[in-house]
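This report describes one protein chain for a reader who has the sequence and the coordinates at hand. It begins with a charged residue and proceeds to the overall fold, the core, the surface and the loops.

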Amino acid sequence: MRERGACPFYGILEPVPGAEGPPKVGERSRTMNEGNPCRVRTAARFFPSSTQKRGIPMAVEQIQQAMEGVARFFTAHPEKALSTDKAAVATIEHGLCCKAEGWDGAVLVTDMPKGIGGGGTAPTPGWFLRAALATCDATVIAMRAAQLGIVLSKLEVTVDSISDDRGILGLGDGIPAGPQSVRIHVLIAADGVAPEALQRIVEWAKSHSPVGDAVRRAIPSHMEIRVA
């Protein structure tokens with residue numbers, strides 16, 4: 001099993017050793033006393049390239065070619081598709097401010113609102129979850145459009161959620177600590193493309209978004225505790 005790398009936007013698989021061809025493709029930010037339930041909005045926007053080649057932006061053509069290369073490789077070598085995702089290591093910096101470090105120097109800082117004892121200096125982990133879902137869905141929509149040779153003129157994915165703050169505080173039985181519901185709104189446009197075709201792209205992306213799948217599917221989770 002290989003380890004999966006990550007690009008700043010979503011994830012690009014690292015080249016498979018010995019393989020030829022193109023690279024393998026691989027908070028709630030709020031005040032706790034503002035009232036319940038709470039809805040928070042996160043949006044991801046896609047900006048199409050202005051560089052053209054044979055009528056198709058070069059970025060779109062590059063994505064298309066990369067996906068074709070990866071699909072060919074994993075079709076021929078399905079046993080190499082399984083990979084271990086890069087780990088994120090989180091440490092408390094001060095108070096409730098937390099820093100996560102990962103692959104290739106990646107750093108992400110979170111904090112909690114002042115109303116619950118945090119410093120309010122950074123987005124909360126919950127906001128980053130919504131941002132991850134919004135950007136991942138936007139990425140996969142853009143990938144699918146490029147795969148079909150469709151140039152998007154606009155793409156915006158907005159993710160918000162409703163949560164009950166009593167859950168994180170352990171108040172009341174049966175109140176989940178996480179969101180009670182999540183809503184995804186997609187605004188998409190492409191010149192000369194039928195609305196039905198764009199809707200099919202979004203539906204395809206919904207079924208193939210890794211973060212979306214992680215949010216919707218019950219994933220086996222194991223925790224190991226070590227006392228230093």
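Is Glu101 buried, partly exposed or exposed? Glu101 is partly exposed, because its relative accessible area is 39%. This value, like the others in this report, was computed from a predicted model.

**Salt bridges**

The partner of Glu101 in a salt bridge is Lys99, and their closest N and O atoms lie 4.0 Å apart. Lys99 also counts as partly exposed, at 22% relative accessibility. In the whole structure, four salt bridges are found, including the three listed here.

| Salt bridge | Closest N and O atoms |
|---|---|
| Lys99 with Glu101 | 4.0 Å |
| Asp160 with Arg183 | 2.7 Å |
| Asp164 with Arg166 | 2.7 Å |

The salt bridge between Asp160 and Arg183 has its closest N and O atoms 2.7 Å apart. Asp160 belongs to strand 9 and Arg183 to strand 10, so this pair ties together parts that are 23 residues apart in sequence. The acidic partner, Asp160, is buried at 6% relative accessibility, whereas Arg183 is partly exposed with a relative accessible area of 46%.

A further salt bridge joins Asp164 to Arg166. Here Asp164 counts as buried, at 9% relative accessibility, while Arg166 is partly exposed, with a relative accessible area of 42%.

**Overall architecture**

The chain contains four helices and ten strands. Read from the N terminus, its elements follow the order β-β-β-β-α-β-β-β-β-α-β-β-α-α. Of the 228 residues in the chain, 33% are buried. The chain exposes about 14000 Å², and carbon and sulfur atoms supply 56% of that area.

Helix 1 covers residues 58-76 and has 19 residues. From its first C-alpha to its last it reaches 27 Å, close to the 27 Å expected at 1.5 Å a residue. The buried residues of helix 1 are Val60, Glu61, Gln64, Met67, Gly69, Val70, Phe73 and Phe74.

**The nonpolar core and the strand pair**

Which residues have the most contacts inside the largest nonpolar core? They are Ile141, Leu152, Leu155, Val157 and Ile188, in a core of 19 residues. Two or more residues of this core come from each of helix 2 (125-147), strand 9 (154-163) and helix 3 (195-208). Helix 2 gives the largest share, seven residues.

Strand 9 is largely enclosed by the rest of the structure, because nine of its ten residues are buried. Strand 9 and strand 10 run antiparallel and are joined by nine bridges. Within this pairing, Val157 stands opposite Val186 in strand 10. As a general principle, the side chains of a regular strand alternate between the two faces of the sheet.

**A nonpolar patch on the surface**

Leu129, Val182, Ile184 and Val215 make a nonpolar surface patch of about 290 Å². One of these residues, Ile184, is found in strand 10, which spans residues 181-189. Ile184 counts as partly exposed because its relative accessibility is 33%, which falls between the limits of 20% and 50%.

**Helix 4 and the loop between strands 7 and 8**

Asp213 has its place in helix 4, residues 210-216. At 30% relative accessibility, Asp213 counts as partly exposed. The C-alpha atoms of Asp213 and Leu133 are separated by 9.4 Å, although the two residues are 80 residues apart along the chain.

Where does Asp104 lie? Asp104 is in the loop between strand 7 (97-101) and strand 8 (107-110). Most residues other than glycine have a negative phi. Asp104, which is not a glycine, nevertheless has a positive phi of about 55 degrees. Asp104 is exposed, with a relative accessible area of 68%.

Technical notes
Residues are numbered from 1 along each chain as its sequence is written. This is a predicted model: local features need pLDDT of at least 70, side-chain atom pairs count only at pLDDT 80 or more; totals for chains, interfaces and linings use all residues. Side-chain values use heavy atoms; hydrogens and water are left out. A nonpolar core is a set of buried Ala, Val, Leu, Ile, Met, Phe, Trp, Tyr and Cys residues joined through side-chain atoms within 4.5 Å. Buried means under 20% relative accessible area, exposed over 50%, partly exposed in between (1.4 Å probe, protein chains only). Patches are made of residues with over 30% relative accessible area and no salt bridge: like charges are joined within 9 Å, nonpolar side chains (Val, Leu, Ile, Met, Phe, Trp, Tyr) within 5 Å. Accessible areas come from the Shrake-Rupley method with a 1.4 Å probe; for residues, only the protein chains shown count as cover. A salt bridge is a side-chain nitrogen of Lys or Arg within 4 Å of a carboxyl oxygen of Asp or Glu. Two strands pair if DSSP finds at least two bridges between them. The expected span of a helix is 1.5 Å times one less than its number of residues.
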